[in-house]
Each structure stands twice: as C-alpha cells, then as structure tokens.
Amino acid sequence: MEFDSNKPIYLQIVDVICEKILSGELSPGDRVLSVREYAAEIGVNPNTVARSFEKLTDMGVIYTKRGLGYYVAGDARNIVLAAQRADFMENELPRILKRMKLLGIKPNEILI
C-alpha cells in the first residue's frame, strides 16, 4: 500500500477498507483481518491499524466479536456511502466547482 504524506495513515487505512466495502470486496458479515495481520500485510505499526479499526467501529462500519475478530456490519455499505457522499458534497465538490469556474468550464461540458 502506498501512502499519501498529506493524510494520516490511519485515515488512509479507513478509506481503503471503506472502498473495499463499497466495491463489494468486503460484504456484511465478512471477517476483517486482525490488527496484527493487517499491519503485517501493509507494513505499518499495529497501533496505527488499531486506531483505524477504532474509527471504523465508532462509525458502525465494523464490529468486534470478542475472541474472534472484526466483522463487517450489516449496514456498513449504507454507512460508508452516506459518510463519503457527505464528505464529497462538503469538501470536494466546492473545490471542483471553484476550479471549474476559474478555468471557464461549464457543467454541460463535463456531463456525460
């Protein structure tokens, strides 16, 4: 996994897991790798992965079964979709619209 130096690694891990849920690579009820397994797979400190899993748990995207590990929640896709749509509308879209205005790009030029 390649990391972006402009964003904390733990949030990038959250993003990757959320993308896997949106793409269908992870489905409700699927087991997520353990903190140690995931840390070893991507080459980061287990504390970083633990922080990511804590955020995902707080969001309701994953949950833990004591002694068994982390699993994808039943409504994880809807939670991720709502959160990412809100983030896009609040953060990304205004920047895109501003850039379009500066460049003189009209919306009908980009609509498919």
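## Helix 1 contacts and overall form of the predicted chain

Gln12 lies in helix 1, which spans residues 9–23. The model is predicted. Gln12 has a relative accessible area of 8%, so this residue counts as buried. The cut-off for buried is under 20% relative accessible area. Neighbours within four places in sequence were set aside in listing contacts. On that basis, Gln12 touches Met1, Glu2, Phe3, Asp4 and Lys7.

Val14 is also placed in helix 1. Val14 is buried, at a relative accessible area of 4%. Beyond its neighbours within four places in sequence, Val14 is in contact with Ser52, Lys55, Leu56 and Met59. One of these partners, Ser52, is 38 residues away from Val14 along the chain. The C-alpha atoms of the pair are separated by 5.6 Å.

Ser52 belongs to helix 3, the element that covers residues 46–59. Relative accessibility is 0% for Ser52, and the residue therefore counts as buried. With neighbours within four places in sequence left aside, the contacts of Ser52 are Tyr10, Ile13 and Val14. The Val14 contact thus appears in the lists of both residues: Ser52 is named for Val14, and Val14 is named for Ser52.

Pro28 sits in the loop between helix 1 and strand 1, the latter formed by residues 31–32. Outside the four places in sequence on either side, Pro28 is in contact with Val72, Ala73 and Gly74. Pro28 and Leu68 are 40 residues apart in sequence. Their C-alpha atoms are 16 Å apart in space.

Lys65 is found in strand 2, residues 62–65. Its relative accessibility is 36%, so Lys65 counts as partly exposed. That class lies between the cut-offs of 20% for buried and 50% for exposed. Twelve residues along the chain separate Lys65 from Phe53. The C-alpha atoms of these two residues are 13 Å apart.

The protein chain as a whole contains five helices and three strands. Read from the N terminus, the order of elements is α-β-α-α-β-β-α-α. Contacts between residues at least 6 apart in sequence were also sorted by separation. Of these, 48% join residues at least 24 apart.

The radius of gyration of the protein chain is 17 Å. A compact globule of 112 residues would have a value near 13 Å. Along the principal axes, the C-alpha atoms fill a box of roughly 55 × 30 × 20 Å. Buried residues account for 24% of the 112 residues.

The exposed surface of the protein chain comes to about 7,900 Å². Carbon and sulfur atoms supply 52% of that area. Charged side chains number 15 positive and 15 negative. The centres of the two sets lie 4 Å apart.

Confidence was examined for the chain and for its elements. The mean pLDDT of the protein chain is 95. A value of 70 or more is reached by 99% of the residues. Among the elements, helix 3 has the highest mean pLDDT, at 98. The lowest mean, 86, belongs to helix 5, residues 107–110.

Technical notes:
Residues are numbered from 1 along each chain as its sequence is written. This is a predicted model: local features need pLDDT of at least 70, side-chain atom pairs count only at pLDDT 80 or more; totals for chains, interfaces and linings use all residues. Side-chain values use heavy atoms; hydrogens and water are left out. Helices (H or I, at least four residues) and strands (E, at least two) are DSSP runs, numbered from the N terminus. The radius of gyration is taken over C-alpha atoms; the globule rule is 2.2 Å times the number of residues to the power 0.38. Buried means under 20% relative accessible area, exposed over 50%, partly exposed in between (1.4 Å probe, protein chains only). Contact means heavy atoms within 4.5 Å. Accessible areas come from the Shrake-Rupley method with a 1.4 Å probe; for residues, only the protein chains shown count as cover. Lys and Arg count as positive and Asp and Glu as negative; His and the chain ends are not counted. The place of a charge is taken as NZ of Lys, CZ of Arg, CG of Asp or CD of Glu. pLDDT is the predictor's confidence in each residue, from 0 to 100.
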